[in-house]
Amino acid sequence: EEVCLKLHRLGRACFRTVKNNRDYIRQDQHASWLYLSRLSALKEYAFMSALYSKGFPVPKPIDVNRHCVVMSLSMGYQLNSIQELRHPGKVFDTLMQLICRLASYGLIHCDFNEFNLMVNDEEKVTLIDFPQMVSTSHPNAEDYFDRDVECIRTFFRRRFGFVAAEVPRFTQDVSRKHTL
């Protein structure tokens, strides 16, 4: 079995940005970049495990240790490196359903973009990168949800010439139905 080893390395170049943008520690608290990286890895592993157990298209989590996460290797290509899709509308709909399904479990990805989506030759999607996820009850949840949707909508329009007639909206299409 081929695996992927992801090394978390937060805050080396922009430590203040990490403290401001992530909820690992309070703003007035001090922590080393290695400690923050460990918290990030633990959070990613926990989200990946919960999502995998519910059948989400994510890599299989294998283990976490210090600032390292081991997971199954996702076969495919990052969406940003794909120049053409046979069925862009179908892939777009799959992505919108995935965003809404995450929200039905009370989660918003907060970085749902072409860099965190893998697509294989059969146009099956795998979602990666979870440390920044937040709850749908977060004060900025609506903004994060709408940003995730708009990011994919803009990418598909620019890259594939696909324009969606409708997209999900937080206030209309999000209701928590499940627990992790």
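**Figure 1. Packing of helix α3 against helix α4.** Helix α3 (residues 88-104) and helix α4 (residues 141-160) pack at an angle of about 170 degrees, and their axes lie 11 Å apart. Angles over 145 degrees count as roughly antiparallel, and α3 and α4 are therefore roughly antiparallel to each other. The model shown here and in the following figures is a predicted one. From α3, the residues P88, V91, F92, L95, M96, I99, C100 and A103 take part in the contact, and from α4 they are met by F145, D148, V149, I152, R153, F156 and F160. The residues of this contact comprise 13 nonpolar, no polar and two charged ones. Two packed helices are described by the angle between their axes and the distance between the axes.

**Figure 2. Helix α4 and its surroundings.** The 20 residues of α4 should span 28 Å at 1.5 Å a residue, and the end C-alpha atoms of the helix are 28 Å apart, which agrees. Buried residues of α4 are A141, F145, D146, D148, V149, I152, T154, F155, F156 and F160. Against these buried residues pack α3, β5 (107-108), β6 (117-119), β8 (134-135) and α5 (170-173). Several of the buried residues also belong to the contact with α3, among them F145, D148 and V149. Just after α4, G161 takes a positive phi of about 70 degrees.

**Figure 3. The sheet formed by β1, β3 and β2.** Three strands make up an open sheet in the order β1-β3-β2, with antiparallel pairing. Its edge strands are β1 (3-7) and β2 (61-65), each of which pairs on one side only. On average, neighbouring strands of this sheet are turned by 15 degrees against each other, direction ignored. Helix α2 (residues 33-53) packs on the sheet and touches β1, β2 and β3; the direction of α2 makes about 160 degrees with that of β2. In a regular strand the side chains alternate between the two faces of the sheet.

**Figure 4. The hairpin of β2 and β3.** Strand β2 pairs with strand β3 (residues 68-72) in the antiparallel sense over four bridges. The bridge partner of P61 in β3 is M71, and V64 stands opposite V69 of the same strand, β3. Together β2 and β3 form a hairpin with two residues between them. In the turn of this hairpin, R66 has a positive phi of about 55 degrees.

**Figure 5. The sheet formed by β4, β6 and β7.** This open sheet has three strands in the order β4-β6-β7, and the pairing is antiparallel. The edge strands, β4 (77-78) and β7, each pair on one side only. Between β6 and β7 there are three bridges, again in the antiparallel sense. One residue pair can be followed here: V119 has V125 in β7 as its bridge partner. Helix α3 lies across β6 and β7 and runs at about 35 degrees to β7.

**Figure 6. Surroundings of D129.** D129 lies in the loop between β7 (125-127) and β8. The residue is buried, with a relative accessible area of 17%, where buried means under 20%. Leaving aside neighbours within four places in sequence, D129 is in contact with K6, E44, H109, D111 and N116. D129 and F112 are 17 residues apart in sequence, and their C-alpha atoms are 8.8 Å apart in space.

**Figure 7. Surroundings of T179.** T179 is placed in the segment after α5. T179 is exposed, with a relative accessible area of 56%; the cut-off for exposed is over 50%. Not counting residues up to four places away in sequence, T179 touches K54 and Y105. T179 and K54 are 125 residues apart in sequence, yet 9.6 Å apart in space, C-alpha to C-alpha.

**Figure 8. The close-up views in the context of the whole protein.** The protein has five helices and eight strands, which follow the pattern β-α-α-β-β-β-α-β-β-β-β-α-α along the sequence. Of its 180 residues, 46% are buried. Among contacts between residues at least 6 apart in sequence, 67% join residues at least 24 apart.

How values were computed: Residues are numbered from 1 along each chain as its sequence is written. This is a predicted model: local features need pLDDT of at least 70, side-chain atom pairs count only at pLDDT 80 or more; totals for chains, interfaces and linings use all residues. Side-chain values use heavy atoms; hydrogens and water are left out. Axes are lines fitted to C-alpha atoms, for helices over the stretch in contact, and angles run from 0 to 180 degrees between N-to-C directions. Angles under 35 degrees count as roughly parallel, over 145 as roughly antiparallel, 65 to 115 as roughly perpendicular and the rest as oblique. Contact means heavy atoms within 4.5 Å. Ala, Val, Leu, Ile, Met, Phe, Trp, Tyr, Cys and Pro count as nonpolar, Asp, Glu, Lys and Arg as charged, and the others, Gly among them, as polar. The expected span of a helix is 1.5 Å times one less than its number of residues. Buried means under 20% relative accessible area, exposed over 50%, partly exposed in between (1.4 Å probe, protein chains only). Two strands pair if DSSP finds at least two bridges between them.
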